[in-house]
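Student: I'd like to learn how to read a protein structure, but I don't know where to begin. Could you walk me through one?

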Amino acid sequence: MLAQDEVVTGHLALGVVNSALTGVLPPVLHRLKIETANLQVKIIAGNSAELLAQVENGILDAAIVTQPPKHVISSLCVNHLYSEPYALLLPEPIPYDSLAAAFQSSPYIAFDRHTWAGRQIDDFLHQLGIEVRPEMELNSLDAVTAVVRQGLGITIVPLVRGNLRHLDPLLRVILIPGFNREVCLVQRRNNPQQKLTAQILGAFARLAQVNEYEQGLGST
């Protein structure tokens, strides 16, 4: 625990998944700048698996990633930050009755199934007995959303906290109850920069979390 008058200084190499860079991270960095002017943060973008490996190898001090799947064995310390719900995105003219009916009637635009989120979506559909063959597979949430917006198919994606890309009059958003992804901060248990990562965790804890994506959305 830091004393209230203790000044935290130093450089922190922080990995961040791309979705957090365009979502919740900017206001967190703004708060850090106000509260801890002497903390310098170097941001390295990447996908969760790559960033976790870099933390394990000591290349990064910490990383903000999606929760590692159960099959990923890691000795890292995992601190939960927030959750993001998954939703079905459809072009606005397409009616909605059920997930199964939606996938039977429309092409599927998949989010990169090499990512942890993409595999989580695949596993979810498999558990429901919904077999899909993607019309396209894209490695960018913005690209997936843009393709659906043009009426080329439907998709399931996480609704990124702090990013309002889904609040579009040309999109219909159907929340999927009980289906979420967790976002966390990972660091080595013997991390010499723990005082600095504590500032990141504190900024997340103190920042008011506004669930703007939960307002006015339908559900299955």
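Tutor: Sure, and keep in mind that this is a predicted model. Let's start with one residue: Arg113 has a relative accessibility of 29%, so it counts as partly exposed. The label "buried" is kept for residues under 20%, and "exposed" for those over 50%.

Student: Okay. Which residue does Arg113 form a salt bridge with?

Tutor: Here's the general idea: side chains of opposite charge can pair when their charged atoms come close. In this structure, Arg113 pairs with Asp122, and the closest N and O atoms are 3.5 Å apart. Asp122 is partly exposed too, at 23% relative accessibility. There's a bit more to it: salt bridges with shared partners tie Arg113, Asp122 and Glu137 into one network.

Student: How many salt bridges are there in the whole structure?

Tutor: A search of the whole structure turns up 5. Let's look at another, between Glu35 and Arg31, where the closest N and O atoms are 3.2 Å apart. Both residues sit in helix α2 (residues 25–35), and they are 4 residues apart, about one turn of the helix. Glu35 is partly exposed at 36% relative accessibility, and Arg31 is partly exposed at 27%.

Student: What about Glu84: which residue is its salt-bridge partner, and how far apart are the closest N and O atoms?

Tutor: Its partner is Arg181, and the closest N and O atoms are 2.8 Å apart. This pair links distant parts of the chain: Glu84 belongs to strand β4 (residues 77–91), Arg181 to strand β8 (residues 171–187), and 97 residues separate them.

Student: Are Glu84 and Arg181 buried or exposed?

Tutor: Check the relative accessible areas against the 20% cut-off. Glu84 has 1%, so it is buried. Arg181 has 6%, so it is buried as well.

Student: Let's try a residue without a charge. Where is Ala102 found?

Tutor: Look in helix α4 (residues 99–105). With 6% relative accessibility, Ala102 counts as buried. To see what surrounds a residue, skip its neighbours in sequence: leaving out residues up to four places away, Ala102 touches Leu88, Tyr96 and Ile154. Take Ile154: it is 52 residues from Ala102 in sequence, yet their C-alpha atoms are 7.9 Å apart in space.

Student: How much of the chain's contacts come from residues 24 or more positions apart?

Tutor: Counting contacts with a separation of 6 or more, 80% are between residues 24 or more positions apart. As for the overall picture, the chain has 7 helices and 9 strands. Of its 220 residues, 46% count as buried. The chain exposes about 11,300 Å², and carbon and sulfur atoms supply 51% of that area.

Student: Now for pockets. What volume does the largest pocket have, and which residues lie nearest its centre?

Tutor: When you read a pocket, ask about its volume and its lining. Here the largest pocket has a volume of about 440 Å³. Its lining has 21 residues, with Asn18, Asn47, Phe111, Thr115 and Asn139 nearest the centre. Helices α1 (18–21), α3 (48–56), α5 (116–127) and α6 (141–149) each supply at least two residues of the lining.

Student: How does that lining divide by residue type?

Tutor: There are 6 nonpolar, 11 polar and 4 charged residues in it.

Notes
Residues numbered from 1 in each chain as written. Predicted model: local features only at pLDDT ≥ 70, side-chain atom pairs only at ≥ 80, totals over all residues. Heavy atoms only, no water. 1 Å grid on protein atoms, 1.4 Å probe; cavity = no way out; pocket = protein on both sides within 12 Å on 5 of 7 lines; lining within 4 Å. Points joined across faces, edges and corners; volume = space filled by probe spheres on them. Nonpolar A, V, L, I, M, F, W, Y, C, P; charged D, E, K, R; others polar. Salt bridge = Lys/Arg side-chain N within 4 Å of Asp/Glu carboxyl O. Buried < 20%, exposed > 50% of the residue type's maximum accessible area, 1.4 Å probe, protein only. Contact = heavy atoms within 4.5 Å. Areas by Shrake-Rupley, 256 points an atom, 1.4 Å probe, with all protein chains shown as cover.
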